[in-house]
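I opened this notebook to keep track of what I looked up, in the order in which I looked it up. The entries go from the whole chain to single side chains.

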Amino acid sequence: MVKKMSECPRLKTCPFFNDKMASMPSTAELYKKKYCMTDCSKCARYMVLKEKGMDMVPADLFPNQYDRAKKLLS
């Protein structure tokens, strides 16, 4: 059984939320609840970060862009 994380370790320092989502607070909150506070392993940004490192995470990669993350990881 895979243990789900309760909060992403990058939540407070994630540049996507701290820079890109400032103009969309409602959308940011939805993403944070779904990806950052429930199970960050489903976040496209976290997937790339974990496999390739922070430098390889595109600034404009949204948490729900799984297909794009898979391309970056292949």
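The entries below record what I found in this model, which is a predicted one.

**Entry 1: the whole chain**

I began with the secondary structure, and I found four helices and zero strands, which follow one another along the sequence in the pattern α-α-α-α. I then looked up the radius of gyration, which is 12 Å and lies close to the 11 Å that the globule rule gives for 74 residues, so I noted the chain as being as compact as a globular protein of that length. Along the principal axes, I noted that the C-alpha trace spans about 30 × 30 × 20 Å.

For the surface, I wrote down an accessible area of about 5200 Å², of which 56% belongs to carbon and sulfur atoms. Buried residues make up 32% of the 74 residues. I also checked how far along the sequence the contacts reach: among contacts with a separation of 6 or more, 49% are between residues 24 or more positions apart.

**Entry 2: the core**

Which residues touch the most other members of the largest nonpolar core? I found that this core has 19 residues, and that Phe17, Met21, Cys36 and Tyr46 are the ones with the most such neighbours. Helices α1 (15-20), α2 and α3 each supply at least two residues of the core. As a general note to myself, nonpolar side chains tend to be buried together in soluble globular proteins.

I followed Phe17 further and, leaving aside its neighbours within four places in sequence, I listed its contacts as Ala22, Ala28, Tyr31, Lys32, Cys36 and Pro63.

**Entry 3: helix α2**

In α2, which covers residues 25-36, I found Ala28, Tyr31, Lys32, Tyr35 and Cys36 to be buried. Seen down the helix axis, these buried residues fall within an arc of 105°, so I recorded them as lining one face of the helix. They pack against α1 and α4. The face turned away from the buried side carries exposed residues, namely Ser26, Leu30, Lys33 and Lys34.

**Entry 4: helix α3**

In α3 I found Ala44, Arg45, Tyr46, Val48 and Leu49 to be buried, and what covers them includes α1 and α4. I also looked at what comes after the helix, and there I found Gly53, which has a positive phi near 100°.

**Entry 5: the aromatic rings**

How many aromatic pairs does the structure hold? I found two of them. In the pair of Tyr31 and Tyr35, the rings are tilted, with 5.9 Å from centre to centre and 50° between the planes. Both residues lie in α2, four residues apart, or about one turn of the helix, and both are buried.

The pair of Tyr31 and Phe62 is edge-to-face, with 6.0 Å from centre to centre and 70° between the planes. This pair links distant parts of the chain, because Tyr31 is in α2 while Phe62 is in the loop between α3 (44-52) and α4 (66-73), 31 residues away.

Is each partner buried or exposed? With the cut-off for buried at under 20% relative accessible area, Tyr31 at 16% counts as buried, whereas Phe62 at 27% is partly exposed. I closed this entry by noting that Tyr31, Tyr35 and Phe62 form one aromatic cluster.

Note on methods
Residues numbered from 1 in each chain as written. Predicted model: local features only at pLDDT ≥ 70, side-chain atom pairs only at ≥ 80, totals over all residues. Heavy atoms only, no water. Phe/Tyr/Trp six-rings, centres within 6.5 Å; stacked < 30°, edge-to-face > 60°. Buried < 20%, exposed > 50% of the residue type's maximum accessible area, 1.4 Å probe, protein only. Core = buried A, V, L, I, M, F, W, Y, C linked by side-chain atoms within 4.5 Å. Contact = heavy atoms within 4.5 Å. Arc of directions from axis to C-beta. Rg over C-alpha atoms; globule rule 2.2 N^0.38 Å. Areas by Shrake-Rupley, 256 points an atom, 1.4 Å probe, with all protein chains shown as cover.
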